[in-house]
Amino acid sequence: MLGDDAELTAAVRAAQDGDETAFRTVYRAVHPRLLGYVRTLVGETDAEDVASEAWLQIARDLERFSGDADRFRGWAARIARNRALDHIRMRGRRPAIGGDETELTGRAAESDTAGEAIEALATDNTLSLIAQLPQDQAEAVVLRVVVGLDAKTAAEALGKRAGAVRTAAHRGLRRLAELLSSEDPESGSAIDALPPQREPRAGAMTSATVTHTRPRTQKDM
């Protein structure tokens, strides 16, 4: 387990035992990327409110979560997605990201362009470009690159097959590279240097969701 992941796993477990400082550590480690994901779903105006609702549920349900850092990020992303979709249904509008959500079939790409897009995805400009992708590609890109999930964990968050998520992320990042290149011809020059897919470790544990007896608030975070 990588150092950062080991630290996050330890912090999650300490937070489950009621350590408020550990919970704040978890929040600081996960929130920025989780907020980026929520922003792609509901837009800038509502993102903070929806993310806050997600963290309230995470805090409430944390006691029965089971798993490591990867599992926690995926679990948190699934909660955030559900809260975002609830918000969208309540507002009676479509997700902020564009296109129709379709299940991709066929052989997954052997590699993805995550390494090429990580730095660019930190900018508001690139996040706005993601809104031009079909919904399945946009969510896959954000979960794989921004949130940092492997294909299997991202698939669990989206309720899809891992191969479909890998393919959607690959196609989305390819399209994103084209959009970036149209704005900056040099931005896609290294697009063929593709890193290997990040796969889940064997024996990863699953998670559960129940009500926590001591709900935390945003103030605690």
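## An aromatic pair in helix α4

Both Phe-72 and Trp-75 are buried, that is, under 20% relative accessible area (over 50% is exposed, in between is partly exposed; 1.4 Å probe, protein chains only). They sit three residues apart in helix α4, so about one helical turn separates them. Helices here are DSSP runs of H or I with at least four residues, strands are E runs of at least two, and both are numbered from the N terminus.

This is a predicted model: local features need pLDDT of at least 70, side-chain atom pairs count only at pLDDT 80 or more, and totals for chains, interfaces and linings use all residues. Residues are numbered from 1 along each chain as its sequence is written, and side-chain values use heavy atoms, with hydrogens and water left out.

## Overall fold

The protein chain has nine helices and zero strands. Along the sequence the pattern reads α-α-α-α-α-α-α-α-α. Of its 221 residues, 50% count as buried.

Contact means heavy atoms within 4.5 Å. Among contacts with a separation of 6 or more, 78% join residues 24 or more positions apart.

## Aromatic pairs

Five aromatic pairs turn up in a search of the whole structure. Rings of Phe, Tyr and Trp (its six-membered ring) pair if their centres lie within 6.5 Å; planes under 30 degrees apart are stacked, over 60 edge-to-face, and the rest tilted. Phe-65 and Trp-75 form a tilted pair, 5.0 Å centre to centre with 35° between the planes. Phe-65 lies in the loop between α3 and α4 and Trp-75 in helix α4, so this pair ties together parts that are 10 residues apart in sequence. Phe-65 is buried, as is Trp-75.

Phe-72 and Trp-75 also form a tilted pair, at 5.7 Å centre to centre and 50° between the planes. Elsewhere, ring pairs link Phe-23, Tyr-27 and Trp-55 into a cluster.

## The α3–α4 corner

The axes of α3 and α4 come within 9 Å and cross at roughly 130°. That makes α3 oblique to α4 (under 35 degrees is roughly parallel, over 145 roughly antiparallel, 65 to 115 roughly perpendicular, the rest oblique). Axes are lines fitted to C-alpha atoms, for helices over the stretch in contact, and angles run from 0 to 180 degrees between N-to-C directions. The crossing is right-handed: the near helix is turned clockwise from the far one by less than a right angle (anticlockwise would be left-handed). Residues of α3 that meet α4 include Val-50, Trp-55 and Ile-58. On the α4 side, Phe-72, Trp-75 and Ile-79 are among them.

Glu-63 sits in the loop between α3 (44–61) and α4 (69–91). Glu-63 counts as partly exposed because its relative accessibility is 39%. Ala-15 is 48 residues away from Glu-63 in sequence, yet their C-alpha atoms are 8.3 Å apart.

## Helices α2 and α7

Helix α2 (residues 20–42) packs with helix α7 (residues 135–147) at about 165°, their axes 9 Å apart. That makes the two roughly antiparallel. Their crossing is right-handed. Arg-33, Gly-36, Tyr-37, Thr-40 and Leu-41 in α2 meet Glu-139, Val-142, Leu-143, Val-146 and Val-147 in α7.

## Helix α8

Six of the eight residues of α8 (residues 151–158) are buried, so this helix is largely enclosed by the rest of the structure. The buried ones are Ala-151, Thr-153, Ala-154, Ala-155, Ala-157 and Leu-158.

Asp-150 caps the N-terminal end of α8, with a side-chain oxygen 3.1 Å from the backbone nitrogen of Lys-152. Gly-159 follows α8, and its phi is positive, near 70°.

Conventions:
A polar contact is a pair of N or O atoms within 3.5 Å; within protein, one must be able to donate a hydrogen and the other to accept it, and residues adjacent in sequence count only if both atoms are side-chain atoms.
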